[in-house]
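Let's work through a few exercises together. Take your time with each task before you read its solution.

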Amino acid sequence: MMTPGVKALGDEIESRVDVGDRFAGLFATRPAPAAESAGAAGTAPITLSAHVATPGGIDTLEASLPPGAESYPALTPRLGAAFWYEREIHDTFGVVPEGHPRLAPLVRPGSPETPGDRALPRHVTGYGMFTIPHGPVRSGVLESIEYLVETPGEAIPHLNMRVFYKHRGVQDAFAGMTPAKAVLLAERTEGVASVAHALAFSHAIEQIAGCEPPTTAQLVRVLHAELERIANHLDVAVRLADAAGLAVATARFALHKERVMRLVSRLCGSRFGRGVVVPGGISAAPLLPPAQLRAELDRLAKPIAADAAALMATSSFLDRLRGTGPLTPERARQHGALGPIGKAAGFADDARLVRPYDAYRALAVPPGRSHVAGDALARLRVRWEEVDQSFRLLRQVADDLSERAPDLYSVTCEPPTGRAVGWAEAPQGEVLYDVSIEAGRVTRCHPRSASFHNLVLMHEVFTSDILTDFPFIEASFGLSVAGVAL
C-alpha cells in the first residue's frame with residue numbers, strides 16, 4: 001500500500017497499531033543505478049517501506065520521498081520502535097530523519113575519527129560518572145559488539161551499543177543471485193538461526209511463485225526449525241549458568257546442546273541444519289528413519305528436563321535472575337517485543353500460532369503460559385516451556401513421517417518476477433524477508449531478524465541493576481549481533 005507521504009505513512013502505522021496490529025520493521029530502498037537516468041545516480045527518490053504484522057500476514061506500507069530529498073520527518077518521536085530502523089536508514093542512505101533523538105552510527109561506522117573525536121559519547125553527567133568501554137573484543141567466544149557503560153561505579157544509568165563491528169554487507173550481496181543460491185546466503189545471515197532465515201526467504205519466494213511445498217517437506221522443515229530452537233535455548237542456559245559460576249550446570253547444558261547439534265548433523269550433514277530448506281521444499285530426506293529419530297528425541301528430552309528442573313530449583317541461581325533486567329508489559333507491547341523477550345513480559349506474537357506456515361498449520365502447537373514479570377528469570381522460564389513445546393512438536397513430526405508413504409521433497413519454484421514478504425519464527429522471535437525478483441534473479445532482499453528488533457530494548461532494562469548483573473541480562477536476551485549488523 002502506497003501512502004501519499006511520510007506523515008500519512010506514520011498515521012497509517014499508528015492507526016494499525018491502535019487496533020491491535022504490530023509494527024514489524026522499516027527500511028528504505030532506492031532504484032538500482034542501472035535503472036536511473038544518466039548522471040542521476042543517487043538522486044532517484046527513496047522509498048520508505050514499513051511492515052505491519054496482522055493475524056493473517058505481513059502488510060507492507062510505503063511512502064516515497066521527493067527526488068533529491070535529504071531529509072524527512074522522523075517517525076521515531078511518534079513510533080518509538082522505529083528508533084534503530086531510522087538510524088540504519090541514515091547509515092545506509094545518508095537521508096536525515098528530522099527530529100530523531102540520536103543519529104549515531106548503528107550498522108555502519110561513521111567517518112574516520114580525528115583526534116578531537118576520540119572521546120566516548122556521554123549521555124549522563126554528574127559527580128563520579130565515567131564510561132566503561134566493554135568490547136568489541138571480549139573474553140570467551142562472543143560476537144563483536146562494544147557496550148559503552150556509563151556508570152558512577154555500580155549502577156548503570158545509561159548503556160549504549162555499537163554493533164557496526166559485525167557489519168558484513170550481507171543485504172547487498174543478495175542482488176543478482178538466483179533463489180537457489182540466495183537461500184544459501186540467507187541461512188548464513190545469522191548462523192544461530194540458519195533454518196529460520198532459510199525458511200523466511202523460501203516462504204517469500206514461494207509466495208511469488210505461487211508454489212506449495214509437499215507435506216513431507218513441510219514436516220521436515222518443522223523438524224529442523226524446532227531442533228534449532230532447542231539448541232538456541234540450551235545455549236542461553238549455558239551462558240546463564242556460566243555467569244552464575246555453576247560449573248556443573250554449565251557443562252551439563254553444553255553437553256545437551258552438543259547432543260542436539262550432533263543429531264541435526266546426523267539428519268542432514270550440517271550441525272546448523274544448512275542445506276536442508278530450499279524454495280519449494282527441502283533438498284533431501286532426513287538421513288535417519290522416523291523410528292530412530294523418535295528414539296533419539298526421547299533420549300534427549302528426559303535428561304534435559306531433569307537438569308532444567310534441578311537448575312530452576314537452585315536458589316542461588318534464581319536469586320541472580322529474579323528482578324534482573326525487567327521489561328514492563330506496557331513497554332513490551334509498545335515496542336512489539338518478539339520471541340521469549342516479549343512472551344516473558346506478557347506480549348506474545350508467535351508466528352507459528354498467529355501466522356502459521358508449513359506443517360505448523362496442521363500440527364497441534366501448544367500455546368505458552370502467560371508471564372508478566374519480564375525479567376531474566378521469566379525469559380528463562382519461557383525458554384524451558386518452548387523446549388518442552390518443541391519436543392512435543394518433534395514427536396508429532398516423527399510420528400507423522402513414520403505414517404507417510406514416500407513423497408516428493410520439493411516442487412519447482414522459480415518465480416520470474418514479483419515481490420513478497422516471508423516470515424518464520426526463529427528461536428529469538430520473528431524473522432522477515434522482503435524479497436524482489438526480476439527475470440528469475442533477486443534484485444533486492446531485506447532481511448530483518450528478531451535480534452535487530454529486540455536488541456535495542458537492552459538500553460532500557462538496566463535502570464535498577466548493577467554491573468555484576470550485566471552478563472545475566474545479556475545472556476537472558478539470547479540475541480545475535482550478526483542478526484543486527486548485516
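The exercises below concern this predicted model.

**Exercise 1.** Find out how many helices and strands the protein chain has, and judge how compact the chain is.

*Solution.* Start with the elements: the protein chain holds 15 helices and 13 strands. Next, take the radius of gyration, which is 22 Å, while the globule rule gives 23 Å for 486 residues. These values are close, so the chain is as compact as a globular protein of that length. Along the principal axes, the C-alpha atoms fill a box of roughly 60 × 60 × 40 Å.

**Exercise 2.** Work out which share of the residues is buried, and how far apart in sequence the contacting residues are.

*Solution.* First, 55% of the 486 residues count as buried. Then look at contacts with a separation of 6 or more: 68% of them join residues 24 or more positions apart. Finally, the accessible surface comes to about 19,500 Å², and carbon and sulfur atoms account for 55% of that area.

**Exercise 3.** Decide whether Cys 211 is buried or exposed, and do likewise for Cys 268.

*Solution.* The cut-off for buried is under 20% relative accessible area. Cys 211 has 15% relative accessibility, so this residue counts as buried. Cys 268 has 24%, and therefore counts as partly exposed. As for disulfides, the count is 0.

**Exercise 4.** Locate the aromatic cluster and the charge over a ring.

*Solution.* The whole structure contains 11 aromatic pairs. One aromatic cluster consists of Phe 23, Trp 84, Tyr 85 and Phe 452. For the charge, turn to Arg 274: it lies over the face of Phe 272, 4.8 Å from the ring centre.

Conventions:
Residues are numbered from 1 along each chain as its sequence is written. This is a predicted model: local features need pLDDT of at least 70, side-chain atom pairs count only at pLDDT 80 or more; totals for chains, interfaces and linings use all residues. Side-chain values use heavy atoms; hydrogens and water are left out. A disulfide is a pair of cysteine sulfur atoms within 2.5 Å. Buried means under 20% relative accessible area, exposed over 50%, partly exposed in between (1.4 Å probe, protein chains only). Rings of Phe, Tyr and Trp (its six-membered ring) pair if their centres lie within 6.5 Å; planes under 30 degrees apart count as stacked, over 60 as edge-to-face and the rest as tilted. A charge sits over a ring if NZ of Lys or CZ of Arg is within 6 Å of the ring centre and within 35 degrees of the ring normal. Helices (H or I, at least four residues) and strands (E, at least two) are DSSP runs, numbered from the N terminus. The radius of gyration is taken over C-alpha atoms; the globule rule is 2.2 Å times the number of residues to the power 0.38. Contact means heavy atoms within 4.5 Å. Accessible areas come from the Shrake-Rupley method with a 1.4 Å probe; for residues, only the protein chains shown count as cover.
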